[in-house]
Amino acid sequence: MITGFDLKNAIISGCNRLGNLKKIINDLNVFPVPDGDTGTNMYMTFFSAARLLEEVEITKDTGIDEVSKLVADTLLRNARGNSGVILSLIFRGFADGCKGKKYLDSISFANALRLGADAAYKAVLKPVEGTILTVCRMAAEGAKQTASEGADVKRVIDSALSAGEKALAKTPEMLPELKKAGVVDAGGKGFTAILEGMRSFIVTGKTIPADKTDNFENEETADPVALSEDDITFTYCTEFIILKDDPSSSHTDELRAYLDTIGDSIVVVEDDDIVKVHVHTDDPGKAVQKALSFGMADKLKIENMRLQFRKRNNAEKNAAKEEAFEIAAPENKCGIVAVAAGEGLAEIFRDLGCDHVIEGGQTMNPSTDNIIKACLSTPAKNIFVLPNNKNIIMAAQQASSLVKDRKVWVIPTKTIPQGVMAAMNYDDSEPVKKIVSTMNEAAGNVLTGQITTAARDSEFDGSSIKKGDILALNENKLAFTDEDVNHAAIRLTKELSEDDPVFIYIFRGADVSEEKAEELSQMMAEAYPDAEISLVYGGQPVYHYILSVEV
């Protein structure tokens, strides 16, 4: 059986495993743009629950209903991105399966997992197979099958993980874009990581081994979550590579055995030429000295984990103070909340009448709670939320259901230009439903292009993409690669529409000089002499340019 105490530790174990694989999950983004944040969103969402579980008193007598509700409520308010929202829905359904129970046996565990999958499917307007939804559903079906055979709960969770991993491996066959990119679904990978961590504690009573390296050539070694400073046994996280003197020799066993006497969280991975080492220890010098007997050291990194933890804790406390807000009485008829990253974009939305601009966008999706607070501090009976990013829409919709004393309307804007156009067409003198209709229609009348840089090497649709290539995105879809941002912007504008543009807005990113942007504006004027062209400083990260085209 699984008790509330077991669930607490299983959640923490799952969080550790998810954190260890966060970078790998981020890199499963279909396009190699620097916004692959599925792993980050899932981890930040799940970490909120793991951290809270450490702070509250949970004993072996605490019922699983109490712990599962605490987890579900925390995830609900801290969900980030579509993947984080879906994850919160899964655990909301799981908590429903725990209601009134002191513990879960094999049958009730399988049922709770199935309720989790059902809750996620029901909440998604158009469920897509080949995503985290499929992986969770298949895991639940695997658990149900084994439970029906009379197996104990340990075998049931083994079956759930196995079925989930098999489903994950098949996701490229279900979604063509995954197959083109040669990756599995990132959300599904995150879910199996959590399930793997939970399974480890429930089956073995131990958290999953930290820093497990699946591909030591490409993966940054990630340390497990430290929920309190007491969790840090050794002070220094030590990493380095040894260039072997003798390629024919093997030192893995000898080096690992020695490191085990001076530390923990040991990873020693070897090929013909190098040995990659990671260890937590109080004496990094001893680890390096031992390794030097096998060859030369390279890429040495030593970090004080206790100081890191204290700095992070202080930063989180300061952030919590900054997030303090006051609930405003809903006195006005209407108000607007927008999400945008970049001081220029934030100022644009404020000029268009937005009451609050939440800092966020690609790589920094705001949580459900961030959106709730912005809505509650807006003094209006009707609040229109502009997510301005396809990965924030679900969090906004979840927030709308949690705000009770005023009506929240989510205008599902997927890009900054859509949000700007919606805000430009906002007229609070109209009836509320007319306002919603007009803003939605306006958002649909603008075309969006984005210019960014490839964050990693990748293969997509038979084409090789190299780190540093300029990527052009047409309505969030990869259009082509280029070598120059301005040339790419001109090409992309031509691809956005067959008709000549009437208006072209160029939102300049934080890393583009004014001179470079002025050069693009002149190029646009020459290419489209009849169009009205506006160059605006957006200050956005990630994207050199965001293009807004109206025809």
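**Entry 1: E430**

I began with E430, which I found in the loop between α17 and α18 (432–443). A reminder to myself: this is a predicted model. Is E430 buried, exposed or partly exposed? Its relative accessibility is 32%, so E430 counts as partly exposed, given that the partly exposed class runs between 20% and 50%. I also looked up how E430 sits relative to L175. The two are 255 residues apart in sequence, and their C-alpha atoms are 42 Å apart in space.

**Entry 2: V403**

Next I turned to another loop residue, V403, which lies between α16 and β10 (407–410). V403 has a relative accessible area of 6%, so I noted it as buried. Then I checked V403 against A147, which is 256 residues away along the chain. Their C-alpha atoms are separated by 39 Å.

**Entry 3: positive phi values**

I went looking for positive phi in residues other than glycine. One that I noted is N388, with a phi of about 60°. N388 belongs to the loop between β9 (380–386) and α16 (393–402). Is N388 buried or exposed? With a relative accessible area of 5%, N388 is buried.

V542 also went into my notes: its phi is near 70°, a positive value, and V542 is not a glycine. I located V542 in the loop between β17 (532–537) and β18 (545–550).

**Entry 4: the second largest cavity**

Then I asked about enclosed space. How many cavities of 30 Å³ or more does the structure hold? I found 2. I took the second largest cavity before the other, and it contains about 30 Å³ of space. Its lining is made up of P417, V420, M421, M424, Y505, F507 and S548. Two elements, α17 (416–424) and β16 (503–508), each give two or more residues to this lining. The largest share is that of α17, with 4 residues. By class, I recorded 6 nonpolar residues, 1 polar residue and no charged ones.

Two of these lining residues, Y505 and F507, came up again when I looked at rings. The structure holds 6 aromatic pairs. Y505 and F507 form one that is stacked, with 6.4 Å centre to centre and 15° between the planes. The angle explains the label, because planes under 30 degrees apart count as stacked. I also checked how covered F507 is: at a relative accessible area of 3%, F507 is buried.

**Entry 5: the largest cavity**

On to the largest cavity, with a volume of about 80 Å³. Which residues line it? I listed I90, F91, F94, F109, L113, F191, I194, L195 and M198. Sorted by class, the lining has 9 nonpolar residues, with no polar and no charged ones.

Three helices each supply at least two of the lining residues: α5 (81–96), α6 (106–123) and α10 (186–204). Of the elements I compared, α10 gives the most, with 4 residues.

Here too I met rings. Ring pairs join F46, F91, F94 and F109 into a cluster. Among the cluster members, F91, F94 and F109 also appear in the lining of the largest cavity.

**Entry 6: two helices up close**

Since α5 contributes to the largest cavity, I had a look at its length. This helix has 16 residues, and its first and last C-alpha atoms are 23 Å apart, close to the 22 Å expected at 1.5 Å a residue. I also checked its cover and found α5 mostly covered, with 13 of its 16 residues buried.

For α4 (residues 64–78), I tried the same sum. At 1.5 Å a residue, its 15 residues should span 21 Å, and the end C-alpha atoms are 21 Å apart, so the two values agree. Which residues of α4 are buried? I wrote down I64, V67, S68, V71, A72, T74, L75 and L76. A general point helped me read such a list: an α-helix has 3.6 residues a turn, so residues three or four places apart point the same way.

**Entry 7: charges over rings**

Last, I looked for charged ends set over rings. The charged end of K290 sits over the ring of Y258, at 5.6 Å from its centre. I noted K407 as well, which lies over the face of W409, 5.0 Å from the ring centre.

Methods: Residues numbered from 1 in each chain as written. Predicted model: local features only at pLDDT ≥ 70, side-chain atom pairs only at ≥ 80, totals over all residues. Heavy atoms only, no water. Phe/Tyr/Trp six-rings, centres within 6.5 Å; stacked < 30°, edge-to-face > 60°. Buried < 20%, exposed > 50% of the residue type's maximum accessible area, 1.4 Å probe, protein only. Lys NZ or Arg CZ within 6 Å of the ring centre and 35° of its normal. 1 Å grid on protein atoms, 1.4 Å probe; cavity = no way out; pocket = protein on both sides within 12 Å on 5 of 7 lines; lining within 4 Å. Points joined across faces, edges and corners; volume = space filled by probe spheres on them. Nonpolar A, V, L, I, M, F, W, Y, C, P; charged D, E, K, R; others polar. Expected span 1.5 Å × (residues − 1).
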